[in-house]
Amino acid sequence: MRQYDVIVLGAGAAGLMCALTAGQRGRNVLLLDHADRVGAKILISGGGRCNFTNLNSSPDCFLSSNPHFAKSALSRYTQHDFLKMVERHGIAWHEKTLGQLFCDNSARDILRMLLDECAAGGVDVRPSHHISGVDHDDGFVVHTHGGDFSAPALVVATGGPSIPKMGATGLAYDIARRFGLRVVEPRPALVPLTFGPDMAPFTALAGVATEVVASTGKQRFREAALFTHRGISGPAILQISSYWRPGEAISLDFAPDIDVLHRLKSAKHIRPKAEARSVLAEFLPNRLAQALAAAAELSGQLANMPDRQLAAAAERIKQWRFTPTGTEGYAKAEVTAGGIDTAGLSSRTMEARMVKGLYFIGEAVDVTGWLGGYNFQWAWSSGWSAGDAISQATL
């Protein structure tokens, strides 16, 4: 049985960052992954160009049962720190909307950078090692189909169950429970929502996209929404899905910055024979305008509609409420919300409070970022924090 200073389970974004940080600071690091290649999620992210961080990353862009937990890691290793690494490797990048940073060429540039950094730290990277169990006595013993390995420190970076076709599992939760840590109920996040009967008029709009303000409770996001065969998706919907809970309603403003009532009343005065759907189509996609007009009972010529009817319809279009029947599930979820309870972890080191040498990082932890590079930043920040702590720990 080969011995190391630290074993990192999971060669995704967080695991790679932790391994290279500890390795470059003198630790003998083993990085294990059950897949036959590392960094699979990195390669598919951002349409293959990897939205590797966000310039606007801050703690208020993350969900957690403890909203303060992420502050330490995010402040100690920031988006600017990661960007320096990217630039040091000569990777060309560009900023899209809302502070999102992407590679100019390919996500492979980011993965290659991380593997080069691991190599510089002498990290032993071993894919195709299915983990069958973890034991703990004086240190940790990891059992795999490729052999057993031991170390005084163990880092769990195996993520959550989102995108199971990429090999995602709930292994991190099993290990956490094995060592007495609580798990906040996991759920799909950044995920499309499905429609119920109250949205029947919109089921034929698959492929139609428009800008909306989506809100639930006090949270709101203004971005594009995209109708699908089962419901609705797009950035605004993915964002709000992380805050939505079953049974709650979501409100959509289909016409941000537009006074819909004023547009309808003005058209009624100037073009009394015009139909409401034609007026709505002046600022909405035509098929959506027709569906909204029909659902808001705006049929026929404007001249035949009293102002109170126009006012009620305009209010609906500005605050269209619906209750999703559910989500598209883990298969379509970009990340997992919930996870290992942060109450059992140190926010500075990511170490389990009750189990010396045991660390949890990345998506496995109950910290979930917004869409747009935030979850990668959490992976970099939490991975760096654990790697830094291990490099200073007495093993």
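**Close-up 1. Helices H1 and H5 run roughly parallel to each other in this predicted model.** Two packed helices are described by the angle between their axes and by the distance between those axes. For helix H1 (residues 13–24) and helix H5 (residues 108–120), the angle is about 30° and the axes lie 8 Å apart; because angles under 35 degrees count as roughly parallel, the pair falls in that class. The crossing of H1 and H5 is left-handed.

**Close-up 2. The residues through which H1 meets H5.** On the side of H1, the contact is made by Leu16, Ala19, Leu20 and Gln24, and on the side of H5 by Leu111, Leu114, Leu115, Glu117, Cys118 and Ala120. Sorted by residue class, the contact of H1 with H5 comprises 8 nonpolar residues, 1 polar residue and 1 charged residue.

**Close-up 3. An open sheet of 5 strands with parallel pairing.** Read across the sheet, the strands follow the order E8-E3-E2-E12-E22. Strand E8 (124–126) and strand E22 (358–360) are the edge strands, each of them pairing on one side only, and from one strand to the next the twist averages 15°.

**Close-up 4. The pairing of strands E12 and E22.** Strand E12 (residues 153–156) pairs with E22 in the parallel sense, and 3 bridges connect the two strands. Val156 has Phe360, a residue of E22, as its bridge partner.

**Close-up 5. Helices H1 and H6 packed on the sheet.** H1, the helix that also packs with H5, touches strand E2 (6–9), strand E3 (29–32) and E12, and the direction of H1 makes about 165° with that of E3. Helix H6 (residues 171–178) likewise packs on the sheet, where H6 touches E2, E12 and E22, and the direction of H6 makes about 145° with that of E22. Strands E2 and E12 are thus touched by H1 and by H6.

**Close-up 6. The surroundings of Leu83 in helix H4.** Leu83 belongs to helix H4 (residues 79–88), and its relative accessible area is 10%, so this residue is buried, given that the class requires a value under 20%. When the neighbours within four places in sequence are left aside, Leu83 is in contact with Phe52, Trp93 and Leu101. Computed along the sequence, Leu83 and Gly373 are 290 residues apart, whereas in space their C-alpha to C-alpha separation is 12 Å.

Terms used
Residues numbered from 1 in each chain as written. Predicted model: local features only at pLDDT ≥ 70, side-chain atom pairs only at ≥ 80, totals over all residues. Heavy atoms only, no water. Axes fitted to C-alpha atoms, helices over the stretch in contact; angles between N-to-C directions. Helix = DSSP H or I, 4+ residues; strand = E, 2+ residues; numbered from the N terminus. Parallel < 35°, antiparallel > 145°, perpendicular 65-115°, else oblique. Left-handed = near helix turned anticlockwise from the far one by under 90°. Contact = heavy atoms within 4.5 Å. Nonpolar A, V, L, I, M, F, W, Y, C, P; charged D, E, K, R; others polar. Buried < 20%, exposed > 50% of the residue type's maximum accessible area, 1.4 Å probe, protein only. Pairing = 2+ DSSP bridges.
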